[in-house]
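I opened this structure to find my way around it, and these are my notes in the order in which I looked things up.

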Amino acid sequence: MMSAERLFHRADRPADLLIQGAHVLDPRAGLDGPHDVLIRGGHIAELGSPGSLQPGADTETVEAVGKHLFPGFVDPHVHLRTPGQEYKEDIATGTAAAAAGGFCAVIAMPNTDPVVDDAAILGSLTDTARRQARVPVGFLASITRGLKGHQLTEMAELRDAGALGFTDDGKPVVSAGVLRRALQYQRLCGGVIALHEEDPDLSRDGAMHEGAVSARLGIAGIPSLSESTMVARDAALAAYESARVHFQHLSCVESIEALSHAKQAGANVSAEVCPHHLTLTDDMVRTLDSRFKMNPPLRAESDRRALVDALTAGVIDCVATDHAPHAGHEKEVPFEEAPMGTIGLETAFASLYTELVLAGELELETVIERMTDGAALYGLSVPRIAPGRPANLCLVDLEARFEVGAGGYVSRSANCCFHGRMLQGKVLMTVAAGAVAHAARMLAEALTKAPPSSAADHLRVR
Amino acid sequence: MTRIGRHLLSIDDLDRASIERILDRAESFDEVSGREIKKVPALRGRTVVNLFYEASTRTSSSFELAAKRLSADVVSVRSQGSSVDKGESLKDTVQTLSAYDPAAIVIRSPHAGAAGLVAGWTPAAVINAGDGKHEHPTQALLDVFTLRRRLGSLDGTNIWIVGDVLHSRVARSDILAFTRMGANVTVCGPPTLIPREIEALGCEATATLERLGEADVVYVLRMQQERMRDSFVPSLREYATRYQITPDRLLPGQLLMHPGPVNRGVELSGEAIDSPQALIGAQVRAGVAVRMAVLYELLVGTPSLAAVA
């Protein structure tokens with residue numbers, strides 16, 4: 001299905017569910033308390049006080065007292081590795097991982113092999129998503145052909161083929177002149193232009209944050225200003241061209257300052273931040289474990305704190321995982337040799353809940369809002385738990401603790417920077433675009449075994 | 001209690017007492033090197049694999065000699081002309097070599113952390129013979145050995161490390177080892193070649209030789225040609241003008257060290273190399289005894305350590 005929203009997914013059976021007694025938290029809907037939520041035909045039919053709603057015919061009941069129900073998360077930055085690198089991930093496994101993390105929509109990056117730089121490639125991707133995507137996927141096309149930074153893609157045709165926007169993610173658009181043309185052309189074709197900000201002349205062959213830890217390890221550093229100088233440059237271009245620009249995965253305090261300055265000056269810019277940059281620092285790299293190698297790199301504690309503050313204040317608009325799967329043999333090499341990237345879809349909520357909410361650094365409401373705000377930035381409707389809306393939600397056990405990776409990953413790859421960590425806050429069920437996209441094992445067995453429609457056949461969520 | 005782990009990956013693996021124990025052991029092996037038959041049976045029947053992914057003369061030959069003088073069987077694998085050349089991964093190579101049941105694998109790699117990875121893939125004891133720009137712990141141990149012999153103790157000694165600290169694994173291991181042994185370390189070089197926040201390692205940093213007179217020991221690093229290409233320094237000529245150690249720049253009594261190989265006329269003048277203040281030859285000679293001691297401590301140890309291993 002392609003909605004008017006340029007999201008693509010397989011047509012699963014619309015859910016008929018009665019979720020009983022969960023603590024519903026949806027700050028935008030003004031909900032923060034226990035409710036029954038009835039989903040009929042994939043839409044939210046009714047909300048009522050606990051015990052007030054009755055399941056209709058063919059409605060499964062999920063007993064969820066003590067669990068939390070949130071609007072489904074939206075991830076504006078994932079790498080699904082299709083086409084060309086299906087040994088790392090594909091649309092089926094990537095969207096399954098998204099569903100396991102409570103996401104009801106994701107936006108896929110175009111740095112595949114081949115690059116998503118023409119309408120035919122995008123068309124084959126949207127076809128695949130219609131067959132395989134367990135949660136709706138939006139696609140960004142590249143800004144320049146082959147990500148080479150020289151020649152613009154046929155942006156208007158790509159928009160007609162369903163592109164949500166454009167990015168050369170993985171690489172910066174080094175040439176200010178080329179980027180300026182893209183921003184001008186955006187007035188014709190629309191679509192957000194999302195930027196991976198890095199001055200390669202400053203980052204060079206760096207493999208980690210430049211600081212005391214890189215000095216100790218003898219690994220070439222990536223200075224924060226390789227990112228922040230480009231944020232400042234491109235914010236100025238965006239303001240001059242009245243363009244809509246989104247800054248991807250900001251990592252350092254200097255970038256926040258540049259972003260904040262641009263926003264105050266009225267530029268139409270937004271930004272995202274990754275769970276790993278909000279929770280980890282370059283201190284982790286002392287282990288020389290390649291799971292901690294990503295671009296932008298994990299930075300200093302002062303940067304991490306500034307990112308949390310900026311997210312709280314809304315200077316940074318949303319959370320994005322930058323889910324970047326790599327095969328085991330690619331990561332099992334010395335740190336400097338390893339590819340950049342960590343998977344993040346399955347751990348995003350739990351990492352933020354455990355490391356920030358439970359630590360008192362961030363409110364749960366803020367986490368929920370920022371994990372859904374990415375939708376609005378790309379012109380998508382923000383999931384909301386309200387009658388009449390499509391069912392996009394996730395059921396979470398905030399008490400459940402689990403060791404990351406102990407039971408394997410839903411993603412095809414295992415390069416998770418939280419591997420082995422004890423996290424709290426487990427996603428039990430995800431409903432995406434009206435269909436059950438993920439159900440934790442206990443729940444899934446109950447859902448398939450339950451005879452249709454008896455109020456007595458309550459499903460226990462564990 | 002003194003405790004040496006199963007591997008030697010970093011100077012961080014060693015406390016001061018462990019370092020001293022290795023150096024004491026090296027003293028006794030140095031005596032062996034003075035005999036006509038320079039061999040002891042400590043590792044008879046055991047195998048040591050030298051796995052070198054980078055060109056090396058003194059480190060690889062001294063490890064080979066050290067193992068042979070302990071009567072070990074030695075296998076030397078170099079990346080060139082081996083299966084590594086054919087694209088075999090480090091992990092596969094290590095697991096293949098581990099099938100021969102070596103007691104130790106000595107690894108030199110152009111990448112930081114390689115020795116640590118190898119330690120996770122083999123039951124053998126792993127010795128880091130240089131990993132990228134990260135560490136070269138046996139070089140630091142032989143440097144401490146050489147200085148301790150000359151000075152008795154490093155406590156309170158002022159040691160200057162001069163040159164390309166940014167790209168030097170020797171500098172990193174030496175800073176850690178020298179400070180652990182009680183010395184005060186200052187690094188000195190062009191600001192382009194001194195890593196930002198290097199002070200976090202417990203040393204001072206300076207850009208000029210002005211205060212070189214404070215040093216008891218001047219440890220000079222190798223200056224590589226390729227640094228010119230990346231504009232780290234404008235020319236070797238200007239580098240030599242500012243940083244070359246010559247007899248004029250040394251006070252009587254200051255000791256001079258270098259990890260080798262020396263670029264004669266770049267970081268050191270020929271006269272300085274050949275001066276009686278230079279310990280460069282003593283460093284090379286210490287290499288075999290110190291590496292024998294490291295192999296011995298990891299693979300045999302003292303009776304009290306057998307339980308730990």
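**A helix across strands.** I began with helix H7 of chain A, residues 225-240, in this predicted model. Helix H7 lies across S10, S13 and strand S14 (269-273) of chain A, and I noted that it runs at about 165° to S13(A).

**The strands beneath that entry.** I then looked up how S10 and S13 are joined, and found that three bridges link strand S10 (residues 192-195) of chain A to strand S13 (residues 245-247) of chain A, the two running parallel. Within this pair, I wrote down that Ala194(A) stands opposite His246(A) in S13(A).

**The whole sheet.** Following the strands outward in chain A, I listed eight of them in an open sheet with parallel pairing, in the order S6-S7-S8-S9-S10-S13-S14-S15. Which strands are at the edge? I noted strand S6 (73-78) and strand S15 (318-319) of chain A, each of which pairs on one side only.

**Domains of chain A.** Next I checked the domain assignment, which gives chain A a domain 1 made of 17-69 + 390-460 and a domain 2 covering 71-377. Taken over C-alpha atoms, the centres of these two domains of chain A are separated by 28 Å. Where they touch, I found 31 residues of domain 1 of chain A in contact with 43 residues of domain 2 of chain A.

On the domain 1 side of this contact, strand S1 (17-26), strand S16 (393-403), strand S17 (422-432) and strand S18 (435-439) of chain A each supply at least two residues. The largest share comes from S17(A), with eight residues. By class, I recorded 19 nonpolar, nine polar and three charged residues on this side of domain 1 of chain A.

**Chain A against chain B.** I turned to the contact between the chains, which takes 16 residues from chain A and 21 residues from chain B. Helix H6 (residues 212-217) of chain A gives the most to the chain A side, with four residues. I sorted the chain A side into eight nonpolar, three polar and five charged residues.

**Confidence.** Last, I looked up the scores, and for the complex the predictor gives an ipTM of 0.92 and a pTM of 0.93. Chain B averages a pLDDT of 93, and 95% of the residues score at least 70. I marked residues 303-309 of chain B for caution, since the pLDDT there is below 50, and I noted that this stretch has five contacts in the model beyond near neighbours in sequence.

Note on methods. Residues numbered from 1 in each chain as written. Chains lettered and ligands numbered in written order. Predicted model: local features only at pLDDT ≥ 70, side-chain atom pairs only at ≥ 80, totals over all residues. Pairing = 2+ DSSP bridges. Contact = placed C-beta atoms within 7 Å. Axes fitted to C-alpha atoms, helices over the stretch in contact; angles between N-to-C directions. Nonpolar A, V, L, I, M, F, W, Y, C, P; charged D, E, K, R; others polar. pLDDT = per-residue confidence, 0-100. Domains from an automatic or database assignment.
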